[in-house]
Amino acid sequence: MTQFLQLVFEGVSLGATYALIALGFVVIYRASGVINFAQGSMLLLGAYLISWLAVDVGLPFGLAVLAAMGGLSVFGAGFHRIALRRVVGQPTFVLVMITIGASIAVSAAVEAIFGDNQRLLGDPWGSSSFHIGAITVTWVKFWGIVVAAAALAVYFSFDRYTRWGLAMRATAVDEEATLSAGVPVRRLHALTWALAGTMATLGGLFLAGFPSAPSHSLGDAALRAFPAVVLGGLSSPVGAVAGGMLIGVVEVMTSGYAPSSLGTNFYAVAPYIAMIAILLVRPYGLLGVKPAERL
Amino acid sequence: MSRLLALLAFAAFAVVLPFALSASNLTTATFVVIAAIGATGLNVLVGYAGQISLGHAFFLAAGAYTGAVLGGDHGVSAALWIPAAGVAAALFGAVVGPMALRLKGLYLAIVTLGIVFIGQHVLLNSPGISGGPQGRTFPPVVIGPFDFSPGQTLELGGLTIDRSGLYYYLGLAILAAATAFVRSLRRTRGGRAMLAVREREAAAALMGVDVGRTKVVAFVISAALAGLSGALYASYLSFAQPTQWNLNMSIQFIAAIIVGGMGTTAGPLLGSAVVFALPSVLKSLPFVPEEGTGGVSVGDLTSITYGVLIVAFLVLEPRGLVGLADRLRPLRRRSPAPDFTPAISLNTPEEAHP
């Protein structure tokens, strides 16, 4: 029983982080219809930036995180401006491939710059933990849940209650109409990408926390957030959260309980199998909406 | 006529090439030729039918391990296991293809991504087929008197063809057949159906195209060629690990068709030449350090380069190298007289050019 509860906690913690990463995807998709395959490498970059700023440059950890978030925002907006803005109107495939190309280049660049060794994240929590009953709660994971919840709350209120949020939703529905209504759509897209960069940084921070560390496997871990996004439906933020939590719990539960007949590291592919199974039944995800296409 | 001459010239060039290359360059050329088979297949799926697939590595692996099991474990002749590799991969394509019916665009891309991971997982956990994480050896091609085993050479009228050369010619033959097939596909109803589905699926369906069947056929053809490519590749390498058939490999093929020019005939060939020769080209650059001496590794540099190439081509010239060549064409043709447009025209444009 204890193990079960422990795994549930771990699953919720991982799920919260996946939800955050998934939200980064959804933010961009809702505003521009593009799936940002580079989110994983942005996450990697974010984690390494935090590590570098906190450990090598010596900034206080909170400042390092904020600085990294800022850096990734600039990177995201910059990438949008340099590459994506020029291909407005091209088929989605082209846009997606551009993000894939960027993803490869960024991941390889991170490895080239920072080398192959594992680094310290530089966070103040380390492996410290406290206990609730028989469950061990590491501070990193605890803060991961709190920060993810806070970030999600901020995003949801932004989306629902501010004009920028409304503008983002309008852009997703009909960009030209939004443009003619006077919304600065380009700035909006830049903001969207900046937001995604910020979320990627936070996601990277908590994925790289104890017992993990900033290393290149983070990119692969981020790829597991894909099923989360797809499960929940690409256009639904609530779906992203639900999908993220589901995938996190599935992954941890399978790592704890999967029979060895399914192979070692089955938990790494379980999210994808779950995703394929659900997509075959509901092709637009659990909460996704079938887009109405004008012919 | 000039087209035919160009084609013959290119064919002659391709046939003579091995004798002009050093051993290491020939190895690179052989890899390029073998990979081009797979790239041609992906071009059918992505370039003709417009389906996004990140799962190409899976089909390559399917072909490779079919060849390994049949040829290596059961001693079947290469004349059988090479085609069998294509057929086996095609069967997988027929299984994956129907997923494209339910899933659109991005969802399909992510599912194909998942297939690569699942495939790797299955391979890693099936040591009987794949040798587990350590990998396994793959059989050399042995067809009757032609033995492609390491160290074997072929004497042909005074010319010595070594192992690389043998694989090169075999790959070239299969590539030529595949390219001819894919090119002629465009003139068939099925091929045009693929192009229609790519342009506007709803319109194609309205015209009477069987969209489902078209997509599945595209997957099957793409997978079959990938299987052939994978089998040859693994056989040439003679050893491979399950982790090699990964997302990175899929993306290399996507890069190849983007750089070359999606949907064109020469595209996969040009693109393969660029993408798959890239590592050895980069290695020979003066500022790249030797393996293991620190600094930027060749692998990372390769990845960065073709990541940047993908972005650059898609932003600047989405039609790839073929598109670039097209742009240069007006420069080559010189008109005998300068363009003369009178300032005042007495005729309306329609009357001037009936």
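**Aromatic contacts and helix α1 of chain B**

In this predicted model, one aromatic cluster is formed by B:Phe31, B:Tyr65, B:Phe138, B:Tyr167, B:Tyr233, B:Tyr236 and B:Trp245. A charged side chain accompanies one of these rings: B:Arg136 lies over the face of B:Phe138, at 5.8 Å from the ring centre.

Aromatic pairs were then examined across the structure. Over all chains, there are 21 of them. A:Phe130 and A:Trp139 make up a tilted pair, with 4.6 Å centre to centre and 50° between the planes. Both partners are partly exposed: the relative accessible area of A:Phe130 is 23%, and A:Trp139 has a relative accessibility of 30%. The pair of B:Tyr65 and B:Trp245 is edge-to-face, at 6.1 Å centre to centre and 70° between the planes. B:Tyr65 belongs to helix α3 (residues 56-73) of chain B, whereas B:Trp245 sits in the loop between β6 (239-240) and α12 (247-260) of chain B, so this pair ties together parts that are 180 residues apart in sequence. B:Tyr65 and B:Trp245 are buried.

Helix α1 of chain B was considered next. This helix covers residues 2-20. At 1.5 Å a residue, its 19 residues should span 27 Å, and the end C-alpha atoms are 26 Å apart, which agrees. The helix α1(B) nevertheless bends by about 30° at B:Ala14. A proline, B:Pro18, follows within four residues. B:Ala14 and B:Pro18 are also buried, as is B:Leu17; these are the buried residues of α1(B). Their cover includes α2 (23-48) and α8 (163-185) of chain B.

How values were computed:
Residues are numbered from 1 along each chain as its sequence is written. Chains are lettered from A and ligands numbered from 1 in the order in which they are written. This is a predicted model: local features need pLDDT of at least 70, side-chain atom pairs count only at pLDDT 80 or more; totals for chains, interfaces and linings use all residues. Side-chain values use heavy atoms; hydrogens and water are left out. Rings of Phe, Tyr and Trp (its six-membered ring) pair if their centres lie within 6.5 Å; planes under 30 degrees apart count as stacked, over 60 as edge-to-face and the rest as tilted. Buried means under 20% relative accessible area, exposed over 50%, partly exposed in between (1.4 Å probe, protein chains only). Helices (H or I, at least four residues) and strands (E, at least two) are DSSP runs, numbered from the N terminus. A charge sits over a ring if NZ of Lys or CZ of Arg is within 6 Å of the ring centre and within 35 degrees of the ring normal. The expected span of a helix is 1.5 Å times one less than its number of residues. The bend at a residue is the angle between axes fitted to the seven residues ending there and the seven starting there. Contact means heavy atoms within 4.5 Å.
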